[in-house]
Amino acid sequence: MAIRGAVQGVGFRPFVFRLAQDLGLKGWVINSATGVFIEAEATERVLREFLRRIETDKPAISFIHSLETLHLDPVGFTTFEIRESSGGEKTALILPDIATCPDCLREVFDPANRRYQYPLTNCTNCGPRFTIIESLPYDRPRTSMKNFVMCEACAREYHDPGDRRFHAQPNACPQCGPELELWDAKGAPLVRKHQALLAAAEAVRAGQVVAVKGLGGFHLLVDARREDVICELRRRKLREEKPFALMFPSYEGVLCYCEASEVERRLLRAPESPIVLLRRLASNDGLAPSIAPRNPYLGAMLPYTPLHHLLMGALGFPVVATSGNLSEEPICIDENEAVRRLGGIADLFLVHNRPILRHVDDSVVREMGGRELVIRRARGFAPLPVYVDRELPTVLAVGAHQKNSISASVHSQVFISQHIGDLENEASYEAFRSVVSAFEALYELRPAAIACDMHPDYTSTQYARASMLPRVAVQHHYAHILSCMAENHLHPPVLGISWDGSGFGPDGTVWGGEILHVTGDGFRRAAHLRPFLLPGGEKAVREPRRCALALLFEVFGQDALSTGMVSARAFSGDELQVLRTMLCQRINSPMTTSVGRLFDGFASLLNLRHRVRFEGQAAMELEFALDGRSVDDAYPFEVHTNGDALVMDWEPAVRAVLTEENVPLSIASARFHNMLVAMGLEVARRTGAQKVLLSGGCFQNRYLTERLISRLQEAGFQPYWHQRVPPNDGGIALGQLMAAAAQLRRE
Ligand SMILES: [Zn+2]
Ligand SMILES: [Zn+2]
Ligand SMILES: [Zn+2]
């Protein structure tokens with residue numbers, strides 16, 4: 001458990017110690033530069049009581065800003081102790097950017113306060129950190145606030161140990177701090193200060209696209225109720241159907257549109273203030289349909305800086321708040337660059353003169369198995385480390401290709417960078433390189449090795465190759481499982497279910513439906529999906545209908561191409577001719593075992609989607625099709641042996657889909673999901689593993705993950721999944737790093 005806020009030097013550790021004694025908890029508490037850490041063992045009920053009393057009974061002058069919990073396996077502590085602090089490690093000092101605290105918020109809306117309507121205020125409990133730090137130690141001259149000289153009143157607060165702004169490095173006020181300006185589309189200033197904010201709000205109200213410089217980059221803001229405006233934004237941003245996130249004026253406002261469980265409500269209001277995926281109450285709620293087409297979820301977030309609070313307060317309705325970039329490019333952080341890059345997208349620019357030193361996107365979370373699951377790890381989380389249970393050599397891991405992020409180890413901490421994005425273009429590769437060099441500089445890294453994916457064509461792999469460091473190439477799905485092991489403090493042997501879209505397989509095929517035996521020496525493939533061809537390679541990823549055809553071809557051979565099995569809507573005659581040649585002669589058609597592509601294939605077989613507009617769309621829609629209705633039966637499948645490995649064979653399912661008639665999509669989708677769960681369970685049974693880990697992009701799917709967790713538990717296995725490290729490729733750098741560290745230790 002990590003507790004941040006004013007919890008040091010206020011008797012917090014003795015308080016925790018006494019409380020633990022009271023409740024009979026075992027474990028330890030420690031102070032570190034990033035807050036207070038507690039590891040405690042007790043029954044679920046006692047732990048809940050412990051958490052509750054930390055909130056209610058804490059020392060009067062302490063202030064808890066965030067309280068993060070992580071579920072780990074019991075260690076078997078016999079006492080509760082206060083441990084020695086881990087020293088003044090420079091590396092521990094970089095905190096993420098934290099949402100505005102209640103005290104600062106009150107001041108901003110208090111007409112009698114000197115910071116009334118001031119959009120760039122903060123204190124030691126909130127505000128920018130990671131996005132304004134040039135170098136360590138964290139002092140104002142080494143932040144992007146260095147050119148602002150504190151006025152007398154601010155300086156007094158800064159030097160007063162009793163003040164909330166004692167040593168708050170970005171401390172500022174309307175007299176001495178940065179200020180707002182509204183620019184036109186060409187970058188010419190129009191108005192300043194609060195007038196700028198009001199004019200920006202007016203423009204959004206009038207249906208314009210306003211680019212707003214926030215904490216970690218620019219957002220594009222538009223009225224979420226206006227279909228015409230959203231369509232125009234999609235056109236300008238070259239973003240076809242990928243859902244947009246919304247910012248709501250208030251917590252109560254979110255609940256008017258979305259359902260939210262206890263966990264989801266906590267996440268919404270957490271200091272990380274992430275985008276939370278919430279189920280919509282109704283689709284005719286007055287929001288524009290194009291926000292998230294055919295999607296029963298909304299990505300909702302609350303304002304997290306005073307600027308956003310003031311702006312949303314002036315608007316009073318939800319807005320689309322999407323990253324200020326062209327589709328697939330990194331988010332803009334500098335106002336002049338923004339005018340250049342977003343000139344064709346935004347009508348106006350609401351900017352301020354506090355420089356953003358590094359881009360940090362909004363984080364995305366979703367509830368999973370009763371806990372939080374971080375899907376995109378960025379603002380509020382980055383660059384917090386994952387604590388592992390052993391000392392590591394210093395390693396730099398450069399991640400994979402999609403949803404790239406990097407990581408670096410220092411002692412027993414692994415720092416994971418903010419989300420960088422798909423390394424598809426020059427701009428994102430540039431962002432990748434700058435994050436790598438920022439990490440090297442901030443943490444003064446001298447890595448003993450560099451870890452990367454095995455895929456020879458990934459830009460990140462090529463970067464690793466070009467470096468002078470010893471290089472460790474790590475198999476993609478093995479890295480997923482190692483990442484899940486590190487997060488959960490697990491040691492081998494484990495069984496890792498690693499399902500995703502694709503990753504380089506050592507046998508030259510495209511892996512993605514792997515179940516791996518992980519031992520101290522590495523991994524062995526315990527099971528995989530029955531392989532099928534991917535006609536056209538990358539093109540098959542954009543066209544689920546090609547996966548469907550490949551599944552049929554695998555089962556029926558050439559007959560699949562000549563009969564009525566392939567929906568007439570899906571292919572033209574010419575297209576079929578080309579695909580026939582590809583499949584029969586295996587031209588540009590790699591073999592794959594990918595569960596992601598199996599999702600695609602079934603989405604097309606079920607006539608749900610034949611082409612996608614963004615990666616993972618078909619799988620997402622198949623999940624959405626579940627529609628709350630659940631059935632317990634599954635499509636049939638077989639598990640047979642092939643050499644050392646088991647093969648999860650989907651052929652009976654394909655045959656079943658072809659023969660069934662008038663089955664509602666929701667039922668068909670449930671049967672497909674249930675089949676995957678049953679496959680995982682069957683393999684776990686046959687391998688005799690105890691600890692079963694779930695990692696890979698497929699485990700962003702809530703139904704699949706939660707059902708597999710509960711089925712495994714019922715069958716006596718111990719399932720583990722991710723919490724604060726993404727299950728998708730955004731978390732893979734952690735696993736790469738662990739593999740390289742293990743190899744260095746062996747050498
Ligand atoms: Zn504050
Ligand atoms: Zn001031
Ligand atoms: Zn992956």
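This passage looks at two zinc sites in a predicted model. Local features need pLDDT of at least 70, side-chain atom pairs count only at pLDDT 80 or more, and totals for chains, interfaces and linings use all residues. Residues are numbered from 1 along each chain as its sequence is written, chains are lettered from A and ligands numbered from 1 in the order in which they are written, and side-chain values use heavy atoms, with hydrogens and water left out.

Take the zinc ion (ligand 2): Cys-151, Cys-154, Cys-173 and Cys-176 each offer an SG atom to it, at 2.2 to 2.4 Å. Donors here are N, O and S atoms within 2.8 Å of the metal (3.2 Å for Na, K and Ca), and sites may look incomplete since water is not among the atoms. Along the chain, the donors follow the pattern C-x2-C-x18-C-x2-C. Their angles run from 104 to 117 degrees, making the site tetrahedral (four donors, all angles between 85 and 135 degrees). For four tetrahedral donors, the ideal angle is 109.5 degrees. Cys-173 counts as buried because its relative accessibility is 0%, and Cys-176, at 9%, counts as buried too. Buried means under 20% relative accessible area (1.4 Å probe, protein chains only).

Now for the zinc ion (ligand 3), held by NE2 of His-476 and His-480 and by OD of Asp-500 and Asp-729, at 2.1 to 2.2 Å. The spacing reads H-x3-H-x19-D-x228-D. His-480 sits in helix α13 (residues 476-487) and Asp-729 in the loop between β31 (718-720) and α23 (732-746), so this pair ties together parts 249 residues apart in sequence. Helices (H or I, at least four residues) and strands (E, at least two) are DSSP runs, numbered from the N terminus. Both His-480 and Asp-729 are buried. With angles of 87 to 167 degrees among its four donor atoms, this site is irregular, a label for anything that is not tetrahedral, square planar (four donors) or octahedral (six), the last two needing opposite donors over 155 degrees apart and all others between 65 and 115.

Technical notes
Buried < 20%, exposed > 50% of the residue type's maximum accessible area, 1.4 Å probe, protein only.
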